[in-house]
Amino acid sequence: MFNTKTVLATLAVLAGLSGVSATQAAGEVVHIEKQSWSFAGIFGTYDQNQLQRGFQVFNEVCASCHGARLIAFRNLAEEGGPSFSEAQIKALAAEYEIADATADGGVRPGVAADRWPSPFETEQDARDANGGSLPPDFSVLAKARGVHDAFPFWVFNYFTGYSEGGPDYIHGLLTSYEDEAPEGFELPEGKYYNHVFPGNAIGMAPPLSDGQITYEVAEGQTAVPETVDQYSTDVAAFMMWMAEPHLSGRKQTGFVVLLFLVVFAGLMYGTKRKIWAGIEH
Amino acid sequence: MSEHSTYTPGSGVEKWLDERLPIIRFSKEHLMDFPTPKNLNYWWTFGAILVMCLGIQIVTGVILAMHYTPNIAMAFDSVEHIRRDVNGGRMIQSFHAVGASMFFAAVYIHIFRGMYFGSYKAPREILWILGVLIFVLMMATAFMGYVLPWGQMSGWAATVITNIFAAIPIIGTPLLELLRGGFSVGNPTLNRFFSLHYLLPFVIAAVVALHIWALHVPGNNNPTGVDVKDGRDTLPFHPYYTMKDAFGMVLFMIPFVWFAFFAPDILGHPDNYIEFNSQVTPAHIVPEWYFLPFYAILRAIDFNLLFIDSKLLGVIFFGGSIVILFLLPWLDTSKVRSGNFRPMFKWFYWLFVVNFVALTYLGAQPADATGVLFSKICTAYYFIHFIVILPVLSRIEKPRPLPTSISESVLAKSHA
């Protein structure tokens with residue numbers, strides 16, 4: 001089958017790879033602390049409470065500048081997500097005025113099927129309101145960002161299925177503002193210093209502060225800390241859900257498929273052995 | 001190979017059909033009775049695995065095309081629409097995207113298996129050439145498919161790769177404009193890439209049919225590289241190899257579904273979740289991993305040679321690195337096929353593999369001074385392997401004695 005020589009050769013290939021990389025590793029790598037996410041790993045699912053808190057942060061803070069054009073109100077009621085009740089979603093949607101040329105006066109109250117309304121009419125309006133910077137849309141942002149691992153650590157990511165680079169980056173970004181830029185760093189007017197953001201000068205003012213959002217505590221549950229770190233974690237999880245709403249179902253199906261394939265492969269191997277029995281090959 | 005035919009039509013209908021279109025006879029000869037060397041190892045199952053990969057790509061691709069919109073204003077959102085709103089769309093899309101990577105992983109194993117066991121040598125040169133042709137078509141198809149989601153990497157890959165053609169003298173610029181359908185990458189580019197991306201897989205399927213035809217004339221090579229002498233060396237394809245290949249396919253699906261279900265985006269680049277913007281260049285433009293060795297070769301050439309400027313020279317090396325594969329059967333003139341019996345070739349073969357992996361790695365690194373230097377060394381070695389090492393080895397190497405037949409080597413192994 002695969003003999004020892006082949007295995008040795010594979011190891012030699014990997015050794016060659018690490019040899020090349022050792023000379024390459026001297027790049028600038030920003031260290032981002034990886035968080036432990038409920039949706040990581042084979043059995044990962046979203047934590048409904050966390051998504052609801054994350055939505056609260058998004059709705060009360062982020063949504064004043066950032067859009068989420070691919071998200072419909074109805075998505076917020078779907079299984080595997082924040083799972084708000086239909087009534088909550090109807091009420092939420094009705095708070096918004098939706099431009100609709102077919103409605104009386106051109107606007108109507110929102111319904112569950114409407115997409116999340118953009119905070120600005122045009123890209124130019126968004127830039128004008130934010131000192132020239134464009135607040136990115138949140139719909140798939142959690143998958144448009146990532147963290148860089150140095151060699152050889154990224155190799156392991158293929159085996160652990162690490163796909164939480166986006167939320168790790170977002171959490172890292174939100175908790176990495178510094179009041180003062182380090183000495184010698186010229187911070188342009190209207191920018192803020194953040195040691196995770198590429199180039200370090202970010203257009204977004206620190207959006208979160210301790211105690212800014214009040215989390216409701218349900219009866220019989222322990223209170224969640226109202227800190228920047230907690231807000232960042234919650235909103236990053238919510239953003240991951242926006243980018244990958246079917247994650248839980250996908251992983252559940254995946255586990256069954258994987259299990260089936262392993263058992264099936266075992267049966268196939270047995271059958272193959274039986275057919276080939278007695279044949280010198 | 002009709003001399004192996006054991007088919008006798010069982011019923012009147014079959015007889016009637018056999019006299020008009022002997023498709024059952026053909027299937028029996030080529031899918032069931034076909035004599036196959038009995039000593040093929042698991043590296044030989046990748047042929048069947050590749051057929052499966054092509055099938056998965058075509059089936060998922062046809063479904064994706066039902067929901068995708070090839071228009072620059074809607075393409076990005078339509079792919080998200082597939083992931084979010086189409087029933088099972090997230091999985092169909094990720095099987096297609098992950099499938100492309102798995103297809104290339106399998107094709108690289110298949111190619112390197114052929115290189116080790118000398119499967120390109122007479123009488124299998126045409127078989128090998130058709131294989132390289134399939135590889136080239138796969139690269140074209142995969143590249144155009146990668147452009148369709150219209151993310152930052154899509155658009156910039158289209159820009160960079162079409163730019164390569166502009167380096168060709170005289171016809172370069174018209175060719176560039178023909179490929180793009182304009183002066184820059186835009187809606188006409190997306191439309192023609194979508195059209196070609198739908199067309200080429202069927203061209204691949206046709207060349208695969210020729211590839212299998214060319215395989216069925218001389219029959220399979222085998223790990224000893226010794227020709228089949230008589231019936232004792234072979235087994236009928238069915239049930240022996242249908243079963244072995246089916247097992248190989250199931251095994252191959254395990255890493256496949258691992259990526260598709262648990263890390264569907266890990267083989268791609270996060271920047272492709274940002275819609276293409278021709279005004280914003282990403283910090284690193286990196287192709288998909290399977291293009292990296294050739295991308296490294298392209299970038300390694302940063303110097304002019306005589307009257308040829310570095311851009312054209314890069315393209316010559318880039319193209320040459322693939323063209324040279326077509327010539328492989330005539331560069332390696334050793335009479336012995338299998339690397340198992342070539343003590344010196346074996347070492348150089350693995351060195352070539354390491355070098356190829358190194359090129360893959362370098363292709364993903366920023367093109368700084370050390371990176372380019374290493375790329376130059378690896379590029380030089382890539383060509384030296386084909387142009388110098390293989391022809392010289394064929395002359396100076398003393399191969400180990402070959403077994404007289406497949407069945408002898410099989411018996412020797414089982415008694416050892």
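Helix H2 (23–32), H3, H5, H6, H9 and H10 of chain B each give at least two residues to the lining of the second largest pocket. This is a predicted model, and in it that pocket has a volume of about 1200 Å³. Its lining is made of 48 residues, and those nearest the centre are B:Gly47, B:His110, B:His211, B:Ile212 and B:Leu215. By class, the lining of this pocket holds 29 nonpolar, 15 polar and 4 charged residues.

## Enclosed spaces

Let us turn from the pocket to the cavities. Searching the whole structure turns up 7 cavities of 30 Å³ or more. The largest cavity has a volume of about 960 Å³, while the second largest cavity holds about 60 Å³ of space.

Which residues lie nearest the centre of the largest cavity? They are B:His96, B:Ala97, B:Gly145, B:Tyr146 and B:Pro149, out of a lining of 45 residues. Two or more lining residues come from each of these elements of chain B: helix H3 (46–67), helix H4 (75–84), helix H5 (89–116), helix H6 (125–147) and helix H9 (187–216). H5(B) provides the largest share of this lining, with 10 residues.

The second largest cavity is lined by B:Tyr108, B:Ile111, B:Phe112, B:Met115, B:Phe135, B:Phe294, B:Leu325, B:Phe352, B:Phe356 and B:Tyr382. H5 and helix H13 (343–364) of chain B are the elements that contribute two or more residues here. H5(B) again appears, giving the most to the lining of the second largest cavity with 4 residues.

Here are the three spaces by the class of their lining residues.

| Space | Nonpolar residues | Polar residues | Charged residues |
|---|---|---|---|
| Largest cavity | 28 nonpolar | 12 polar | 5 charged |
| Second largest cavity | 10 nonpolar | no polar | no charged |
| Second largest pocket | 29 nonpolar | 15 polar | 4 charged |

## Where the chains meet

Chain B and chain A share an interface in which 55 residues of chain B are in contact with 57 residues of chain A. The area buried between chain B and chain A is about 5100 Å², and carbon and sulfur atoms give 72% of that area. Which three residues supply more than any other three of the area that chain B buries against chain A? They are B:Arg84, B:Phe262 and B:Tyr361, which together supply 16%.

## A look at chain A

Chain A contains 8 helices and 5 strands. Along the sequence, its elements run in the pattern α-α-α-β-β-α-α-α-β-β-β-α-α. Of its 281 residues, 38% count as buried. Among the contacts in chain A with a separation of 6 or more, 61% join residues 24 or more positions apart.

One helix of chain A is worth a pause. How far apart are the end C-alpha atoms of helix H7 (residues 228–243) of chain A? They are 22 Å apart, which agrees with the expected span: at 1.5 Å a residue, the 16 residues of this helix should span 22 Å. H7(A) is also mostly covered, with 15 of its 16 residues buried.

## Backbone details

Two residues other than glycine have a positive phi worth looking up in the model. For A:Asn200, phi is near 70°. A:Asn200 sits in the loop between strand S4 (192–194) and strand S5 (201–202) of chain A. Is this residue buried or exposed? A:Asn200 is buried, because its relative accessible area of 19% falls under the 20% cut-off.

For B:Leu306, phi is positive at about 50°, although B:Leu306 is not a glycine. B:Leu306 is placed in the loop between helix H11 (292–300) and helix H12 (310–331) of chain B. With a relative accessible area of 81%, B:Leu306 is exposed, since the cut-off for that class is over 50%.

Chain B also has cis peptide bonds to look for. The bond from B:Ala122 to B:Pro123 is cis, with omega near 5°, and B:Pro123 is found in the loop between H5 and H6 of chain B. The peptide bond from B:His238 to B:Pro239 is cis too, with omega near 5°. B:Pro239 lies in helix H10 (residues 237–262) of chain B.

Key. Residues are numbered from 1 along each chain as its sequence is written. Chains are lettered from A and ligands numbered from 1 in the order in which they are written. This is a predicted model: local features need pLDDT of at least 70, side-chain atom pairs count only at pLDDT 80 or more; totals for chains, interfaces and linings use all residues. Side-chain values use heavy atoms; hydrogens and water are left out. On a 1 Å grid over the protein atoms alone, a cavity is a set of points where a 1.4 Å probe fits but cannot get out, and a pocket is an open set with protein on both sides within 12 Å along at least five of seven lines; lining residues have an atom within 4 Å of a point. Grid points are joined across faces, edges and corners, and a volume is the space filled by probe spheres set on the points. Ala, Val, Leu, Ile, Met, Phe, Trp, Tyr, Cys and Pro count as nonpolar, Asp, Glu, Lys and Arg as charged, and the others, Gly among them, as polar. The expected span of a helix is 1.5 Å times one less than its number of residues. Buried means under 20% relative accessible area, exposed over 50%, partly exposed in between (1.4 Å probe, protein chains only). Contact means heavy atoms within 4.5 Å. Buried area is the accessible area (1.4 Å probe) that two parts lose on being put together, summed over both.
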